[in-house]
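User: I am new to this structure and would be grateful for a close look at one part of it, namely its salt bridges. Which side chains meet in them, where do the partners lie, and are those partners buried or exposed?

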Amino acid sequence: MKGAAATALSELEREIDAPGDGLDRLRLVPTPFVPEVRLYLADDAIVWWARMEAAAGHALPPPYWASAWAGGQALARHLLDHPELAAGRRVLDLAAGSGLVAIAAALAGAARVVANDIDPYAVAAVTVNARANQVAVDASGDDLLDGADTEADLVVAGDVFYSRAMSDRVLPFLRRIAAAGADVLVGDPGRGHLPADQMTVLADYPVPTTEPSVDSSLRHVQVLRPA
């Protein structure tokens with residue numbers, strides 16, 4: 001690991017080892033709805049973010065990796081309940097965040113798992129979370145969305161349709177890799193930018209979430225495959 005991701009990893013490792021309690025700390029906890037996987041999550045990701053930005057003296061990417069997001073929770077649950085989807089396969093977790101789905105794929109017996117996210121802190125979080133769960137996951141910070149060569153048999157993407165701009169980039173990518181022969185699974189809690197008429201619903205889950213700033217602690221999440 002090099003550059004920004006290496007720096008982020010050093011910072012997260014210091015945060016993990018730092019003594020003290022409070023909302024601005026990272027804790028290794030069982031993931032809601034997927035207790036087989038433990039993640040380093042923030043009690044309050046916004047408070048943690050504010051402290052880290054103050055210490056750094058400049059803006060940092062939003063710490064999406066410091067919360068368990070409903071789409072990823074549903075996908076991880078689905079892979080663990082249906083391990084044949086990942087067992088023996090090469091798996092790519094797109095926009096991986098904490099690496100929850102990647103770790104679930106590894107626990108389900110995947111031959112190789114790559115967790116991809118352009119945020120260097122997410123790359124670092126994948127590294128520490130995979131280590132905590134004693135699984136092998138390769139973390140990548142490359143922007144893959146303009147290509148189609150993933151070398152993956154299964155591509156999983158949780159919570160990627162959160163904005164129109166992101167949807168406009170992700171959907172063509174998923175179509176290209178599906179056309180190239182990869183299986184594609186999406187986890188979505190109804191954020192409003194998913195082309196539902198182009199998807200086949202495989203499962204529905206009521207997911208307890210730790211997401212910040214949500215009206216309900218339970219999200220209705222679908223696991224889908226491009227039609």
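Analyst: What follows takes the salt bridges one pair at a time and then turns to a further residue.

The model is predicted. In general, side chains of opposite charge can pair when their charged atoms come close. The cut-off applied here is a side-chain nitrogen of Lys or Arg within 4 Å of a carboxyl oxygen of Asp or Glu. With that rule, the count for this model is 15 salt bridges.

A suitable pair to begin with is Arg90 and Asp153, whose side chains meet in a salt bridge at 3.0 Å, N to O. This pair links distant parts of the chain, the two residues being 63 residues apart. Arg90 belongs to strand 3, which covers residues 90-94. Asp153, for its part, is in the loop between strand 5 (138-140) and strand 6 (154-158). Arg90 has a relative accessible area of 38% and is therefore partly exposed. Asp153 is partly exposed as well, with a value of 24%.

The loop between strand 5 and strand 6 also holds Asp146. Its side chain meets that of Arg169 in a salt bridge, with an N to O distance of 3.2 Å. Here too the pair links distant parts of the chain: Arg169 lies in helix 6 (residues 164-179), and 23 residues separate the partners. Asp146 is exposed, because its relative accessible area of 68% is over 50%. Arg169, at 30% relative accessibility, counts as partly exposed.

Another salt bridge is formed by Asp21 and Arg27, whose closest N and O atoms are 3.7 Å apart. That distance satisfies the rule, because the limit is within 4 Å. The relative accessible area of Asp21 is 67%, so this residue is exposed. Arg27 has a relative accessible area of 24% and is partly exposed.

Salt bridges may also share partners. In this way Glu15, Asp24 and Arg51 are joined into one network.

A further residue completes this account. Ser10 is placed in helix 1, which spans residues 3-17. Its relative accessibility is 33%, and Ser10 therefore counts as partly exposed. Between Ser10 and Tyr121 there are 10.0 Å in space, C-alpha to C-alpha, although the two are 111 residues apart in sequence.

Technical notes
Residues numbered from 1 in each chain as written. Predicted model: local features only at pLDDT ≥ 70, side-chain atom pairs only at ≥ 80, totals over all residues. Heavy atoms only, no water. Buried < 20%, exposed > 50% of the residue type's maximum accessible area, 1.4 Å probe, protein only. Helix = DSSP H or I, 4+ residues; strand = E, 2+ residues; numbered from the N terminus.
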